[in-house]
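Work through these exercises with the model open. Try each task before reading its solution.

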Amino acid sequence: MSTELFRDAPFLLGMMRLHEHEPLHRPDAMADWIEARLDQGLCWFDHADIYGDRQGETLFGQALRARPRLATRVKIVTKASIVTPGRDHSPMGVKHYDSSPAYITQAIDDALHRLGVERLEHFLLHRPDPLMDAQATARALDAAIDAGKIGAAGVSNFLPEQWRRLQHAMQHRLIGNQLKLSLAYPDPIFDGRYDALVADGLHPMAWSPLGGGIVFEDVLGESLSTIAEELSTSSAGLALAWLRALPQHPVPVIGTLRPNRIDELLTGANLNLERPTWFALLEEARSQRVA
């Protein structure tokens with residue numbers, strides 16, 4: 001299933017800034033925005049319960065309730081396991097991770113309710129929890145899959161031995177791993193993390209695929225701009241195409257909500273880069289020649 005999960009998806013539409021974008025807070029306006037993206041062939045939406053302290057999921061769900069026919073067309077990835085200080089009811093008031101069965105089961109049920117859908121296509125543990133009881137967490141995830149609440153389970157920001165410990169305890173396959181990866185941060189390609197992900201059959205989702213704008217700076221930015229002009233695309237689209245050229249074709253998680261920017265990224269993300277072009281950008285990104 002991992003190779004089929006994001007078939008033909010050039011990127012996921014990240015909802016991390018939805019709570020800050022007031023023009024889309026009206027349910028009808030958000031429904032219009034969702035429908036326009038679906039009509040472009042973009043059906044994957046990336047959420048997490050900490051985005052706007054659950055506001056992102058809530059605003060999205062209000063739009064689906066305003067236009068119920070959209071609920072059957074969207075495919076949702078959401079994440080949970082991070083407890084912010086404001087939601088820690090203990091005397092500590094500290095940010096922490098919770099992968100306990102009770103917490104994860106409730107988080108899935110709450111996300112379904114906020115989003116107004118009957119099933120989450122993909123549910124991720126947002127951060128590795130040092131206190132995770134792998135067997136107990138595995139049972140909770142397997143049970144959610146068996147109940148039809150989630151289509152598949154995955155992880156985010158996990159190291160290989162962390163996801164393998166969980167996978168060993170599960171009956172169902174972990175399908176994906178969302179990790180930080182971009183031209184500005186290609187480290188996972190060289191430290192073994194990416195190879196482990198591919199070897200284990202997890203589909204990569206790349207968060208911060210433009211490095212928070214760092215890819216547009218200095219020598220790398222100049223190189224991107226020059227090559228993008230030659231290829232009649234944008235620097236941002238070229239940076240996404242570079243990512244998607246990797247084995248398993250990582251799916252970038254973009255953060256923009258602006259239609260014109262999405263159009264621009266959609267054009268670039270579908271480029272097929274020649275090998276020399278890919279390595280030329282890598283050299284600029286690492287500030288060193290290929291050995």
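**Exercise 1. The largest cavity**

Task: Find which residues line the largest cavity of this predicted model, and sort the lining by class.

Solution:
- Start with the lining. Ala9, Pro10 and Phe11 belong to it, together with Gly41, Leu42, Cys43 and Trp44.
- Sort by class. Six of the lining residues are nonpolar, one is polar and none is charged.
- Gly counts as polar here, so Gly41 is the polar one.
- Add the volume. The largest cavity holds about 30 Å³ of space.
- Check the count. The structure has one cavity of 30 Å³ or more.

**Exercise 2. Two pockets**

Task: Describe the largest pocket by volume, lining and class. Then do this for the second largest pocket.

Solution:
- Take the largest pocket. Its volume is about 570 Å³.
- Count the lining: 27 residues, with Met16, Arg17, Ser208, Pro209 and Val253 nearest the centre.
- Look for the secondary structure involved. Strand S10 (251-254) and helix H10 (259-269) each give at least two residues to this lining.
- Split the lining by class: twelve nonpolar, ten polar and five charged.
- Turn to the second largest pocket. Its volume is about 390 Å³.
- Its lining has 17 residues. Nearest its centre lie Phe6, Asp8, Arg244, Gln248 and His249.
- By class, this lining has eight nonpolar, six polar and three charged residues.

**Exercise 3. Helix H8 against helix H9**

Task: Decide how H8 and H9 are oriented, and list the residues that make the contact.

Solution:
- Read the geometry. Helix H8 (residues 218-230) packs on helix H9 (residues 235-244) at about 95 degrees, and the axes are 8 Å apart.
- Classify the angle. The range 65 to 115 degrees counts as roughly perpendicular, so H8 is roughly perpendicular to H9.
- List the contact. H8 brings Leu224, Ser225, Ile227 and Ala228. H9 brings Ser235, Leu238 and Ala239.
- Assign classes. The contact has five nonpolar and two polar residues, with no charged ones.

**Exercise 4. A salt bridge between strands**

Task: Which parts does the salt bridge of Lys79 and Asp46 tie together?

Solution:
- Check the distance. The side chains of Lys79 and Asp46 meet at 2.7 Å, N to O. The cut-off is 4 Å, so the pair qualifies as a salt bridge.
- Place the partners. Lys79 sits in strand S3 (residues 75-80), and Asp46 in strand S2 (residues 44-46), so the bridge links parts 33 residues apart in sequence.
- Set the pair in context. The count of salt bridges comes to 16.

How values were computed. Residues numbered from 1 in each chain as written. Predicted model: local features only at pLDDT ≥ 70, side-chain atom pairs only at ≥ 80, totals over all residues. Heavy atoms only, no water. Axes fitted to C-alpha atoms, helices over the stretch in contact; angles between N-to-C directions. Helix = DSSP H or I, 4+ residues; strand = E, 2+ residues; numbered from the N terminus. Parallel < 35°, antiparallel > 145°, perpendicular 65-115°, else oblique. Contact = heavy atoms within 4.5 Å. 1 Å grid on protein atoms, 1.4 Å probe; cavity = no way out; pocket = protein on both sides within 12 Å on 5 of 7 lines; lining within 4 Å. Points joined across faces, edges and corners; volume = space filled by probe spheres on them.
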